[in-house]
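Colleague: I'm new to reading protein models, so could we go through this one together? I'll ask, you explain.

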Amino acid sequence: MSQKLRAGILGGTGMVGQRFIALLENHPWFEVTTIAASPRSAGKRYEEAVGGRWKMDTPMPEAVKDLVVMNVNDVEAVASQVDFVFSAVDMSKDEIKAIEEAYAKTETPVVSNNSAHRWTPDVPMVVPEINPEHMKVIDFQKKRLGTTRGFVAVKPNCSIQSYAPVLTAWKEFEPYEVVATTYQAISGAGKTFQDWPEMEGNIIPYIGGEEEKSEKEPLRIWGEIKDGVIVPAQSPVITCQCIRVPVLNGHTAAVFVKFKKNPTKEQLIEKLRSFKGAPQELELPSAPKHFIQYLEEDNRPQVTEDVNYENGMGITVGRLREDTVYDWKFVGLSHNTVRGAAGGAVLCAELLKAQGYITEK
């Protein structure tokens with residue numbers, strides 16, 4: 001395309017907002033033209049507003065340093081300057097719901113990293129390789145909002161990325177009972193070790209709201225559209241524990257699965273390695289060429305070795321073996337702020353553009 005679509009970042013000064021900005025540098029389809037944040041950041045140059053809080057490994061892109069941060073609450077003003085927005089605002093759930101719908105009603109598509117709209121019945125919650133067809137519910141949402149091009153779409157929680165795609169790849173073997181324990185990085189809380197020194201050498205066996213999300217969100221992703229809303233699947237039943245561990249980036253999951261059918265190890269591995277979806281078929285810019293890799297070594301996946309597989313957009317699986325109580329068990333790893341947050345949302349936006357939902361205003 002000759003002209004890039006103008007993207008705005010709502011909540012652009014926070015960690016996920018920064019990740020959006022880093023990922024969108026030199027993006028072939030999208031250009032960050034507008035950054036909005038809280039009133040205290042509004043009116044400042046982006047570099048000044050972030051100050052010493054830039055948390056990415058790569059330097060702040062030159063193209064955004066001099067952008068003047070807008071007030072995220074000035075919805076009409078922000079919306080007038082963009083074709084669509086990514087949302088990473090840090091507000092209460094009710095405030096997020098309200099402001100994302102307010103942007104949608106200005107005929108501005110909203111692709112959100114937030115959890116506020118994940119259970120709004122006509123808002124698609126999408127992992128593009130798994131349920132791209134759920135974007136069709138947008139047509140019903142537009143009728144509710146009274147819009148022609150404005151809508152809200154969301155990506156799911158970061159914790160499920162390391163096992164929900166795996167279970168999807170194994171769907172034909174009918175997994176029906178799953179036990180998962182996730183070991184989650186501190187960047188999932190928007191922190192670094194500098195911000196959260198008490199996490200060094202420590203584990204916290206509680207992450208607020210995470211277990212419910214980890215158990216329920218995969219079922220919504222595997223659901224179907226009926227009467228203009230997404231109806232979650234009933235199976236498999238998932239029970240989960242979520243633990244915060246002293247790792248900067250990368251969520252690991254230890255998972256046990258029961259199947260109605262009786263797959264072999266070779267069949268399970270082949271399904272992982274060959275699994276692909278719409279992003280691969282459409283060759284979307286951020287799509288991993290191979291979504292899931294399986295490693296044979298007993299000591300993999302490891303965060304230090306594997307978290308950046310496919311630029312952080314792929315998933316790594318290892319230690320697949322038969323279990324004495326369940327049928328099979330495995331360990332999965334995903335990058336929580338790339339595939340699990342901003343990168344997953346960018347891929348959703350690319351899918352929405354390919355499907356014709358995001359266009360030039």
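Colleague: Which residues does Trp-222 touch, not counting residues up to four places away in sequence?

Modeller: Quick warning: this is a predicted model, where local features need pLDDT of at least 70, side-chain atom pairs count only at pLDDT 80 or more, and totals for chains, interfaces and linings use all residues. Residues are numbered from 1 along each chain as its sequence is written, and side-chain values use heavy atoms, with hydrogens and water left out. A contact here means heavy atoms within 4.5 Å. With those sequence neighbours set aside, Trp-222 touches Ile-130, Ala-164, Leu-167, Thr-168, Ala-233, Ser-235, Pro-236 and Ile-238.

Colleague: How many residues are in the largest nonpolar core?

Modeller: A nonpolar core is a set of buried Ala, Val, Leu, Ile, Met, Phe, Trp, Tyr and Cys residues joined through side-chain atoms within 4.5 Å. Buried means under 20% relative accessible area, exposed means over 50%, and partly exposed is in between (1.4 Å probe, protein chains only). Tyr-103, Tyr-163, Trp-170, Trp-222 and Phe-330 have the most contacts inside the largest core, and its residue count is 57.

Colleague: And how many residues does the second, separate core have?

Modeller: In soluble globular proteins, nonpolar side chains tend to be buried together. The second core is separate and includes Met-15, Val-69, Phe-84 and Ala-287; its residue count is 45.

Colleague: Which strands stand at the edges of the mixed sheet?

Modeller: Helices (H or I, at least four residues) and strands (E, at least two) are DSSP runs, numbered from the N terminus, and two strands pair if DSSP finds at least two bridges between them. Six strands make this open sheet, in the order 10-7-11-14-13-12, with mixed pairing. An edge strand has a single partner, so one side of it is left without a neighbour in the sheet; that goes for strand 10 (237-244) and strand 12 (292-295).

Colleague: By how many degrees are neighbouring strands of that sheet turned against each other on average?

Modeller: Axes are lines fitted to C-alpha atoms (for helices, over the stretch in contact), and angles run from 0 to 180 degrees between N-to-C directions. For this average, though, direction is ignored, and the value is 20 degrees.

Colleague: Which residue is the bridge partner of Phe-256 in strand 14?

Modeller: Strand 11 (residues 251-259) and strand 14 (residues 328-334) run antiparallel and are joined by seven bridges. One spot along them has Ala-253 opposite Gly-332. For Phe-256, the bridge partner in strand 14 is Lys-329.

Colleague: What is the bridge partner of Ala-180 in strand 11?

Modeller: Strand 7 and strand 11 pair over eight bridges, in the antiparallel sense. The strand 11 partner of Ala-180 is Val-255.

Colleague: At about what angle does helix 8 run to strand 10?

Modeller: Helix 8 covers residues 210-221 and lies across strand 7 (175-184) as well as strand 10. Its angle to strand 10 is about 145 degrees.

Colleague: What are the edge strands of the sheet with the order 3-2-1-4-5-6?

Modeller: That one is an open sheet of six strands with parallel pairing. Strand 2 (residues 30-37), for example, is joined to strand 3 by two bridges. The edge strands pair on one side only, and they are strand 3 (70-71) and strand 6.

Colleague: How far apart, centre to centre, are the rings of Phe-30 and Phe-86?

Modeller: Rings of Phe, Tyr and Trp (its six-membered ring) pair if their centres lie within 6.5 Å; planes under 30 degrees apart count as stacked, over 60 as edge-to-face and the rest as tilted. By this rule the count is 11 aromatic pairs. Phe-30 and Phe-86 form an edge-to-face pair with 65 degrees between the planes, and the centre-to-centre distance is 6.4 Å.

Colleague: Is Val-126 buried or exposed?

Modeller: Val-126 lies in the loop between strand 5 and helix 6. Setting aside neighbours within four places in sequence, its contacts include Met-135, Val-154, Cys-348 and Leu-351. Because its relative accessible area is 1%, Val-126 counts as buried.
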